[in-house]
Amino acid sequence: MISVKHLFMCLTAGGHPVTILNNVSLEIPEKQMVAIVGPSGSGKSTLLGLIAGLDKPTAGSILLDGVEITRLAENDMARYRRQKIGYIFQSFHLIPTLTALENVAVPLELNGDLNAKTRAAELLWAVGLVDRLDHYPVQLSGGEQQRVAVARAFSCRPPILLADEPTGNLDTTTGHQVIDLLLSLNRDQGSTLVLVTHDPALASNAERIVTLRDGRIESDQPQ
Ligand SMILES: Nc1ncnc2c1ncn2[C@@H]1O[C@H](COP(=O)(O)OP(=O)(O)O)[C@@H](O)[C@H]1O
Ligand SMILES: [Mg+2]
């Protein structure tokens, strides 16, 4: 269960205070698939990053399975994130000096998995990249890089998966392949999935659509 209560994110930009998230409260039950939509600049990435503990809010509470992550020290948060959260970025964020296999193995190794490389190879097989294990990110297409990133996000079987515009840098066909993959892996694993997207077709896969506007929840509807 993800429980966000009265979340505020305020920054100063050019000497002016800016409220990026303005009293956002949201409960996402275990295993739900929710899409977060809204215009560019409405605070979607900020909200997702806070749920992942990548940043601290100005005020408010974020409970992940009862753990108040806003109070965790940075190293505890890093460990918690490694074990509980998979994150997929729009721009892939693979480590350029590591092969596809090594990129997927990193979180497993950090979590002490003695069979990290074997499990990473299995995951790359599952995402259709078994013949790309030794390729570096630069040698892979955008769609292939995102499939590596999907494999990496699932590697430690996280109960929570967060994806920020995962098809935003891909053409339509490749984007659909990546999303089909993401959804089918998620069906097998049963993670809670929070998906930020501009794409109505993608959002229509979700059980629930939350719309942000100007840092507030404008609507929250099951479908
Ligand atoms: N570090 C920052 N400093 C100042 N403003 C920021 C920062 N990060 C995001 N913003 C602003 O916050 C707003 C929301 O950003 P973001 O969460 O990235 O929106 P979205 O993902 O919905 O496009 C935007 O107006 C953006 O310019
Ligand atoms: Mg964004």
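Hi everyone, let me start with a ring. Phe 89 is partly exposed, with a relative accessible area of 24%. That value is above the 20% under which a residue counts as buried, and so Phe 89 falls in the partly exposed class. Before I go on, please keep in mind that this is a predicted model.

What does Phe 89 pair with? Its partner is Tyr 87, and the two form a tilted aromatic pair. The ring centres are 4.6 Å apart, with 45° between the planes. The structure holds one aromatic pair, so this is the one to look at if you care about rings. Tyr 87 itself is buried, at 13% relative accessible area.

Tyr 87 also takes us to the pockets. The largest pocket has a volume of about 480 Å³. Its lining has 18 residues, and Tyr 87 is one of those nearest the centre, along with Arg 81, Ile 85, Pro 107 and Arg 152. Which elements give two or more residues to that lining? They are helix 2 (74–84), strand 6 (85–88), helix 3 and helix 5. By class, the lining has twelve nonpolar, three polar and three charged residues.

Let's stay with Arg 152 for a moment, because Phe 92 touches it. Phe 92 sits in the loop between strand 6 and helix 3. Is Phe 92 buried or exposed? It is buried, with a relative accessible area of 10%. Leaving out residues up to four places away in sequence, Phe 92 touches Gly 142, Gln 145, Gln 146, Ala 149, Arg 152, Asn 169 and Leu 170. There is also a long-range pairing to mention: Phe 92 and Pro 137 are 45 residues apart in sequence, and their C-alpha atoms are 9.5 Å apart in space.

Next is Tyr 136, in the loop between helix 4 and helix 5. At 34% relative accessibility, Tyr 136 is partly exposed. Which residues does Tyr 136 touch, not counting those up to four places away in sequence? They are Pro 96, Thr 97, Leu 98 and Thr 99. Tyr 136 and Ile 95 are 41 residues apart in sequence and 8.8 Å apart in space, C-alpha to C-alpha.

Now helix 4 itself, which covers residues 116–126. The buried residues there are Ala 116, Arg 119, Ala 120, Leu 123 and Leu 124. Why do they line one face of the helix? Looking down the axis of helix 4, the buried residues fall within an arc of 140°, so they line one face. As a reminder, an α-helix has 3.6 residues a turn, so residues three or four places apart point the same way. What do the buried residues of helix 4 pack against? Their partners are helix 3 (100–110) and helix 5 (142–154). After helix 4 comes Gly 128, with a positive phi near 80°.

Back in helix 2 we find Arg 82. Arg 82 is partly exposed, with a relative accessible area of 29%. Apart from neighbours within four places in sequence, Arg 82 is in contact with Leu 110, Asn 111 and Cys 156. Arg 82 and Leu 161 are 79 residues apart in sequence, yet 11 Å apart in space, C-alpha to C-alpha.

On to the second largest pocket, with a volume of about 150 Å³. Among the residues lining it are Lys 31, Met 33, Leu 183, Asn 186, Arg 187 and Glu 207. Which helix gives the largest share of this lining? Helix 6 (residues 172–189) does, with three residues. By class, this lining has three nonpolar, four polar and three charged residues.

Lys 31 deserves a second look for its backbone. Its phi is positive, about 70°, although Lys 31 is not a glycine. Where is Lys 31 found? It is in the loop between strand 2 (16–28) and strand 3 (33–37).

My last residue is Asp 214, also a non-glycine with a positive phi, near 50°. Asp 214 is placed in the loop between strand 9 (208–213) and strand 10 (216–222). At 62% relative accessibility, Asp 214 counts as exposed.

That's my tour, and I'm happy to take questions.

How values were computed
Residues are numbered from 1 along each chain as its sequence is written. Chains are lettered from A and ligands numbered from 1 in the order in which they are written. This is a predicted model: local features need pLDDT of at least 70, side-chain atom pairs count only at pLDDT 80 or more; totals for chains, interfaces and linings use all residues. Side-chain values use heavy atoms; hydrogens and water are left out. Buried means under 20% relative accessible area, exposed over 50%, partly exposed in between (1.4 Å probe, protein chains only). Helices (H or I, at least four residues) and strands (E, at least two) are DSSP runs, numbered from the N terminus. The arc is that of the directions from the helix axis to the C-beta atoms. Contact means heavy atoms within 4.5 Å. Rings of Phe, Tyr and Trp (its six-membered ring) pair if their centres lie within 6.5 Å; planes under 30 degrees apart count as stacked, over 60 as edge-to-face and the rest as tilted. On a 1 Å grid over the protein atoms alone, a cavity is a set of points where a 1.4 Å probe fits but cannot get out, and a pocket is an open set with protein on both sides within 12 Å along at least five of seven lines; lining residues have an atom within 4 Å of a point. Grid points are joined across faces, edges and corners, and a volume is the space filled by probe spheres set on the points. Ala, Val, Leu, Ile, Met, Phe, Trp, Tyr, Cys and Pro count as nonpolar, Asp, Glu, Lys and Arg as charged, and the others, Gly among them, as polar.
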